[in-house]
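Subject: A structure for you to look at

Hi there,

Here is the structure I promised to pass on. Please have a look when you have a moment; my notes follow below.

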Amino acid sequence: MDFTSALPTFVITLREGVEAALVVGIVLACLKKAKQSHLAPWVYAGVIVGLIVSAFIGVLFGALLQALSKSNNPFAPVIEFLLEAGFSVLAIVMLSWMLIWMTQQARFMKMQVEGAVNNALNQDKKGAGWGIFSLILIAVVREGFETVLFIVAKFQQGLIPALGSLFGLGVAASIGVLLFKWGVKINIRLFFQSMGILLLLIVAGLVVSALGLFDTAINTLAQMDRQSQSLCVYYEHFAKVHSCILGPLVWNTTKFLPEDKFPGLLLNALFGYTDKLYVVQAVGYLLFLFTIGAIYFQSLAGRVFFPIKNAPPAK
């Protein structure tokens, strides 16, 4: 069994899990400081329910794709490819937004969480419990939903990506315990910066995969239905390998670096490497890195391109 495809989900779950663990740790510290530790069970309940909701969303999306793959509908393969491509695009948007948003908001996160906890504690006893529960539930589901989208986008790789997410979740929980239970000093800023760069490369690879899925869907449709052949806007005569909408080949490295064997498999899992890269995929990859990458690194430097409403101004 090859666990290489588990690496991207491990990285994403680890990063998102540590983010959620920070929120949980800050809330528990606030409750302790306010001598309201009896509300801690609401925190743990929020974590458990958040994980269950995230898993349920993943199972729902996975079952939808499974049903399509076994469907007798002649266009089911096309719909399946389009759905996977759609999930990939959604994952790209969500992960990119969270990468930049989190970088901009990191310095204010503790203050914002403390403010939300204080607002919850100002309510009556039952209202305070539900307020704390909602705060944790939203934080866990938000991080879980992004991971679920990424796993579903990698549906063709089976359950291995899900194992990577479970391992990443376990490591993230351990880091949370080290930070808040045992008081171990970890350079959390360096951690998020390193994971952010890795996440940027992984999501850029997802851009290549998503474009490939759209091309496969349209190519499949064109072969099934003559009236849809005009959707293939590119055709290279006399070429054994050609795309439908991605233009000419940039490289074909199937003979010396195939994507289904190590180290091509590792490069594919982490950075979306493909042994047959087309022009539109290469342009999409570079465009993503130069635009989202530039915004991310500017955010690290404290320059805000797209200020979030209601966020405290940068000092």
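Between which two helices does the loop that holds Lys35 lie? Lys35 sits in the loop that joins helix 1 (6-33) to helix 2 (40-69). Before I go on, please keep in mind that this is a predicted model.

I began with Lys35 for its backbone: Lys35 is not a glycine, yet its phi is positive, at about 55°. That positive phi comes just after helix 1. Is the residue buried or exposed? With a relative accessibility of 74%, over the 50% cut-off, Lys35 counts as exposed.

Now for the overall layout. The protein has 8 helices and 2 strands, and their order along the sequence is α-α-α-α-α-α-β-α-β-α. It has 315 residues, and 44% of them count as buried.

Helix 1 and helix 5

Helix 1 has 28 residues, and the distance from its first C-alpha to its last is 39 Å, close to the 40 Å expected at 1.5 Å a residue. Helix 1 is also mostly covered, with 23 of its 28 residues buried.

Helix 5 (residues 160-180) agrees with its expected span as well: 21 residues at 1.5 Å a residue should span 30 Å, and the end C-alpha atoms are 31 Å apart. Which of its residues are buried? They are Ile160, Pro161, Gly164, Ser165, Gly168, Ala172, Ile175, Gly176 and Leu179. These residues lie on the same side of helix 5, because they cover an arc of only 155° around the axis. An α-helix has 3.6 residues a turn, so residues three or four places apart point the same way. On the other side of helix 5, Leu166 and Phe167 are exposed.

How do helix 1 and helix 5 meet? Their axes come within 7 Å and cross at roughly 30°, and the crossing is right-handed. The residues of this contact between helix 1 and helix 5 comprise 16 nonpolar and 8 polar ones, with no charged residue among them.

Helix 8

Helix 8 (residues 279-300) is where I would look next. Its 22 residues reach 31 Å from the first C-alpha to the last, close to the expected 32 Å at 1.5 Å a residue. Where does helix 8 bend? The bend is at Gly293 and amounts to about 25°. Gly293 is also one of the buried residues of helix 8. The others in that set are Gln281, Ala282, Gly284, Phe288, Ile292, Ile295, Tyr296 and Ser299.

Pairs that are separated along the chain

I also noted three pairs of residues. The place of Val207 is in helix 6, and Val207 is buried, since its relative accessible area of 12% is under the 20% cut-off. Val207 and Leu286 are 79 residues apart along the chain, while their C-alpha atoms are separated by 9.8 Å.

The other two pairs start from the loop between helix 6 (188-224) and strand 1 (249-252), where Gly247 lies. Gly247 counts as buried, because its relative accessibility is 10%. What separates the C-alpha atoms of Gly247 and Val279? The distance is 5.6 Å, for two residues that are 32 residues apart along the chain.

His242 lies in the loop between helix 6 and strand 1 too. At 23% relative accessibility, His242 counts as partly exposed. His242 pairs with Lys276, 34 residues away along the chain, with 9.5 Å between the C-alpha atoms.

That is what I have for now. Do write back with any thoughts once you have opened the model.

Best wishes

Technical notes
Residues are numbered from 1 along each chain as its sequence is written. This is a predicted model: local features need pLDDT of at least 70, side-chain atom pairs count only at pLDDT 80 or more; totals for chains, interfaces and linings use all residues. Side-chain values use heavy atoms; hydrogens and water are left out. Helices (H or I, at least four residues) and strands (E, at least two) are DSSP runs, numbered from the N terminus. Buried means under 20% relative accessible area, exposed over 50%, partly exposed in between (1.4 Å probe, protein chains only). The expected span of a helix is 1.5 Å times one less than its number of residues. The bend at a residue is the angle between axes fitted to the seven residues ending there and the seven starting there. The arc is that of the directions from the helix axis to the C-beta atoms. Axes are lines fitted to C-alpha atoms, for helices over the stretch in contact, and angles run from 0 to 180 degrees between N-to-C directions. A crossing is left-handed if the near helix is turned anticlockwise from the far one by less than a right angle, and right-handed if clockwise. Ala, Val, Leu, Ile, Met, Phe, Trp, Tyr, Cys and Pro count as nonpolar, Asp, Glu, Lys and Arg as charged, and the others, Gly among them, as polar.
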